[in-house]
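Thanks for coming. I will go through one structure today, a few places at a time. Please have a look at it first.

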Amino acid sequence: MQALMQVVAPRYGRLMKTAVTAANLTPFLWVVSAPNLHAPALFNCTRWSSSNSRWKQRQGKDSFVREAKVRGLKSRAAFKLLEMDSKYNLFKRGQTVLDLGYAPGSWSQVAVQRTKPYGRVVGIDLIPAQPPKGVSTIQGNFLSPVVQKMVKDYLAEFAQRERTPEQDEETSEDEDDEAVLAEKPSYIDAERAESFELDHARRRDDGKLVDLVLSDMSAPWLQTSGFSSNSLSNPHYRMMNTSGMAFRDHAGSMDLCLAALQFASDTLRAGGHFVCKFYQGSEDKDLELKLKKMFDKVFREKPESSRTESKEAYFVALRRKGDVTFEDISN
């Protein structure tokens, strides 16, 4: 190879340099010493990123990635939530769902589809992202008390404007041009409407307005650049799935799970559910014990769509106990 370059460099060195520059690729310098030149021939060659190639190959072979594109889902992560929902029946019509770390929005897409027509989904994330249709989003750091208060105020404001399905039907009947005599509701429908109103009034009084809290958050890397990139078309992505250091990922996920659990303690109604992602390690047993004190049933899940080499797993906590708070399980 060196002998070939000694022949090619004097004649075609300038041509090769021009071709590589025109290709607009990331170059590295290659110095070749030619006996007929007074100075070494210096030109550019291209070095391809092996990690980027491996990621593209893995994405191309992933059946869940292809299926997500076919269904119009934001990412393959939607299948993890769909699998857990099919096993534990997390969603019901008309629920209020809080999605922490919603970007790019695949979990919120699932929540909207499973809770419509009267459901409400609120997403929170640090990075800017286009929210899915039917999802209300807040961009901010969930760990900030200001952002948490903003979410609570939004839920309370929306609850004041909340209307029951029976009220919506009555409104549509009143606006109908034809005068149609509405049928008198049955005894069962009347009792159901009354219990619905009492339940929502009770939840407004204690501030617990959420039926399901989802947390798919990951600890962010420290931001060192891109502070001016705040638009949806040019955001600065600094939320990373893993850092490559197992203990750092595990410790960060435990902090985020505890923060999500503390917020769920303030907003999740009695009987509500809680799902959080974590990276397996030495401290997840302690988190599991805390969850068991606050919820009736707690399960560990490693969905089929989660990659086998990944350390990620999920806690699925069902039916919150109404008389247990985060302070009770922290002592």
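Is Tyr154 buried, exposed or partly exposed? Tyr154 is partly exposed, at a relative accessible area of 24%. Before going further, a reminder that this is a predicted model.

Let me stay with the aromatic rings. A pair of aromatic rings is described by the distance of the centres and the angle of the planes. Six aromatic pairs are counted in this model, and I will show two of them.

The first on my list is Phe142 with Phe263. Their ring centres are 5.3 Å apart and the planes stand at 85°, so this pair is edge-to-face; the cut-off for that label is over 60 degrees. The two residues come from distant parts of the chain, 121 residues apart. Phe142 sits in the loop between β5 (135–139) and α6 (145–160), while Phe263 belongs to helix α9, residues 246–267. Phe142 has 4% relative accessibility and therefore counts as buried. Phe263 is at 1% and also counts as buried, the limit being under 20%.

The second pair brings us back to Tyr154, whose partner is Phe158. Here the centres are 6.1 Å apart and the angle between the planes is 45°, which makes the pair tilted. Both residues are in helix α6, and because they are four residues apart, about one helical turn separates them. Phe158 is partly exposed, with a relative accessible area of 24%.

Next, the strands. How many of the residues of β4 are buried? Strand β4 covers residues 120–125, and six of its six residues are buried. Arg120, Val122 and Ile124 point one way from the strand, Val121, Gly123 and Asp125 point the other way, and all are buried.

What does β4 pair with? Strand β3, residues 96–100, runs parallel to β4 and is joined to it by five bridges. Within that pairing, Leu98 has Val122 of β4 as its bridge partner. To get from β3 to β4 the chain passes through helix α5, residues 106–115, and this β-α-β crossover is right-handed. β4 also pairs with β5, again in the parallel sense and over five bridges. There, Val121 stands opposite Val135 of β5.

Now the cysteines. How many disulfides does a search of the whole structure find? The search finds zero. Cys257 is in no disulfide, and the nearest cysteine sulfur to its own, that of Cys276, is 3.6 Å away. The cut-off for a disulfide is a pair of sulfur atoms within 2.5 Å, so a separation of 3.6 Å does not qualify. Seen from the other side, Cys276 is likewise in no disulfide, with the sulfur of Cys257 as its nearest. Cys257 is buried, with a relative accessible area of 1%. Cys276, at 1% relative accessibility, counts as buried too.

One last residue, Ser306. Where does Ser306 lie? It is in the loop between β8 (295–301) and β9 (312–320). Although placed in a loop, Ser306 is buried, with a relative accessible area of 3%. Its side chain makes a polar contact of 3.2 Å with the side chain of Lys302. Leaving aside residues up to four places away in sequence, Ser306 touches Lys80 and Glu312.

That is what I have for today.

Technical notes. Residues numbered from 1 in each chain as written. Predicted model: local features only at pLDDT ≥ 70, side-chain atom pairs only at ≥ 80, totals over all residues. Heavy atoms only, no water. Phe/Tyr/Trp six-rings, centres within 6.5 Å; stacked < 30°, edge-to-face > 60°. Buried < 20%, exposed > 50% of the residue type's maximum accessible area, 1.4 Å probe, protein only. Pairing = 2+ DSSP bridges. Right-handed = clockwise from strand over helix to strand, strands pointing away. Polar contact = N/O pair within 3.5 Å; in protein donor to acceptor, adjacent residues only side chain to side chain. Contact = heavy atoms within 4.5 Å.
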